[in-house]
Amino acid sequence: DASDETGCGGAPVRFEVYPSPTCGQCWATIHYGFLPLLEAGLPGSKVELLVVPWPCAETTDRLDDNGLYNASAADPYDQVTSAQVCVLQHAQRPMPIDSRELIDAVKFIDCDYHAIKS
């Protein structure tokens with residue numbers, strides 16, 4: 001039906017990604033998958049993206065009751081990755097894919113992976 005602007009059931013399509021800040025495959029997903037999706041010009045009323053930082057296996061004890069990652073300032077892993085964790089904590093809810101805040105956060109993560117790996 002052409003009058004149904006949001007698609008099936010009226011809810012926007014939601015993509016979710018849970019990148020670990022030092023994971024090369026997570027970076028590839030962000031760089032080759034989600035950045036092109038963000039830049040495709042899809043309407044935020046129809047498509048949402050959720051990006052939540054995910055710890056490495058050794059730091060899963062830092063997930064709080066809501067499943068969100070809490071960095072520890074004393075941990076060397078978190079010292080390297082705290083910028084990504086910080087930027088993503090402001091985007092830990094489904095956001096319209098055309099949201100400037102979301103686009104900037106994902107672009108920062110893409111750039112920061114390179115700094116971490118250098």
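**Exercise 1. The sheet**

Work out the strand order of the open sheet and which strands stand at its edges.

*Solution.* Start with the layout: three strands form an open sheet in the order 1-2-3, and the pairing is mixed. Strand 1 (13-17) and strand 3 (95-96) each have a single partner strand, so they stand at the edges, and one side of each is left without a neighbour in the sheet. Keep in mind as you go that this is a predicted model.

Next, take the pairings one at a time. Strands of a sheet pair through backbone hydrogen bonds, either parallel or antiparallel. Here, strand 1 and strand 2 are parallel, with five bridges between them. One example to look up is Glu 16, whose bridge partner in strand 2 is Leu 50. On the other side, strand 2 (residues 47-51) runs antiparallel to strand 3, and two bridges join them. Here you can check Leu 49, which has Met 95 as its bridge partner in strand 3.

**Exercise 2. Adding the helices**

Place helix 1 and helix 3 relative to the strands, then write down the order of elements along the chain.

*Solution.* First count: the protein has three helices and three strands. Reading from the N terminus, the elements follow the pattern β-α-β-α-β-α.

Now for the packing. Helix 1 (residues 24-38) lies across strand 1 and strand 2, and its direction makes an angle of about 155° with strand 1. Helix 3 (residues 100-117) lies across strand 2 and strand 3, running at about 45° to strand 2.

To finish, look at the contacts along the chain. Of the contacts in the protein with a separation of 6 or more, 68% are between residues 24 or more positions apart.

**Exercise 3. Strand 2 and its polar resident**

Decide whether strand 2 is enclosed or open, and describe the surroundings of Glu 48.

*Solution.* Begin with the whole strand. Five of the five residues of strand 2 are buried, so the strand is largely enclosed by the rest of the structure. Then split it by face: Val 47, Leu 49 and Val 51 are on one side, Glu 48 and Leu 50 are on the other, and all are buried.

Now zoom in on Glu 48, which belongs to strand 2. Its relative accessibility is 18%, and buried means under 20%, so Glu 48 counts as buried. What does its side chain meet there? The side chain of Glu 48 makes a polar contact with the side chain of Arg 14, at 3.3 Å. Beyond its neighbours within four places in sequence, Glu 48 is in contact with residues including Val 13, Phe 15, Met 95 and Ile 97.

**Exercise 4. The nonpolar core**

Find the residues that touch the most other members of the largest nonpolar core, and the elements that supply the core.

*Solution.* The largest nonpolar core has 18 residues, and Leu 38, Leu 49, Val 51, Leu 102 and Val 106 touch the most other members. Helix 1, strand 2 and helix 3 are the elements that give two or more residues to this core. Helix 1 gives the most, with seven residues.

Try Val 106 as a test case: leaving out residues up to four places away in sequence, Val 106 touches Ile 30, Leu 35, Leu 38, Leu 49 and Val 51. For the wider picture, buried residues make up 38% of the 118 residues in the protein.

**Exercise 5. Three loop residues**

Sort Pro 19, Thr 22 and Ile 97 by burial, and find a sequence-distant partner for each.

*Solution.* Pro 19 sits in the loop between strand 1 and helix 1. With a relative accessible area of 2%, Pro 19 is buried. Pro 53 is 34 residues from Pro 19 in sequence, with their C-alpha atoms 5.3 Å apart.

Thr 22 is found in the loop between strand 1 and helix 1. At 23% relative accessibility, Thr 22 counts as partly exposed. Its C-alpha atom is 9.7 Å from that of His 114, which is 92 residues away in sequence. Among the residues that Thr 22 touches are Tyr 77 and Tyr 113.

Ile 97 is in the loop between strand 3 and helix 3. At 0% relative accessibility, Ile 97 counts as buried. The C-alpha atoms of Ile 97 and Leu 37 are 8.3 Å apart, with their positions 60 residues apart along the chain. Contacts of Ile 97 also include Leu 42, Val 47 and Ile 103.

How values were computed. Residues are numbered from 1 along each chain as its sequence is written. This is a predicted model: local features need pLDDT of at least 70, side-chain atom pairs count only at pLDDT 80 or more; totals for chains, interfaces and linings use all residues. Side-chain values use heavy atoms; hydrogens and water are left out. Two strands pair if DSSP finds at least two bridges between them. Helices (H or I, at least four residues) and strands (E, at least two) are DSSP runs, numbered from the N terminus. Contact means heavy atoms within 4.5 Å. Axes are lines fitted to C-alpha atoms, for helices over the stretch in contact, and angles run from 0 to 180 degrees between N-to-C directions. Buried means under 20% relative accessible area, exposed over 50%, partly exposed in between (1.4 Å probe, protein chains only). A polar contact is a pair of N or O atoms within 3.5 Å; within protein, one must be able to donate a hydrogen and the other to accept it, and residues adjacent in sequence count only if both atoms are side-chain atoms. A nonpolar core is a set of buried Ala, Val, Leu, Ile, Met, Phe, Trp, Tyr and Cys residues joined through side-chain atoms within 4.5 Å.
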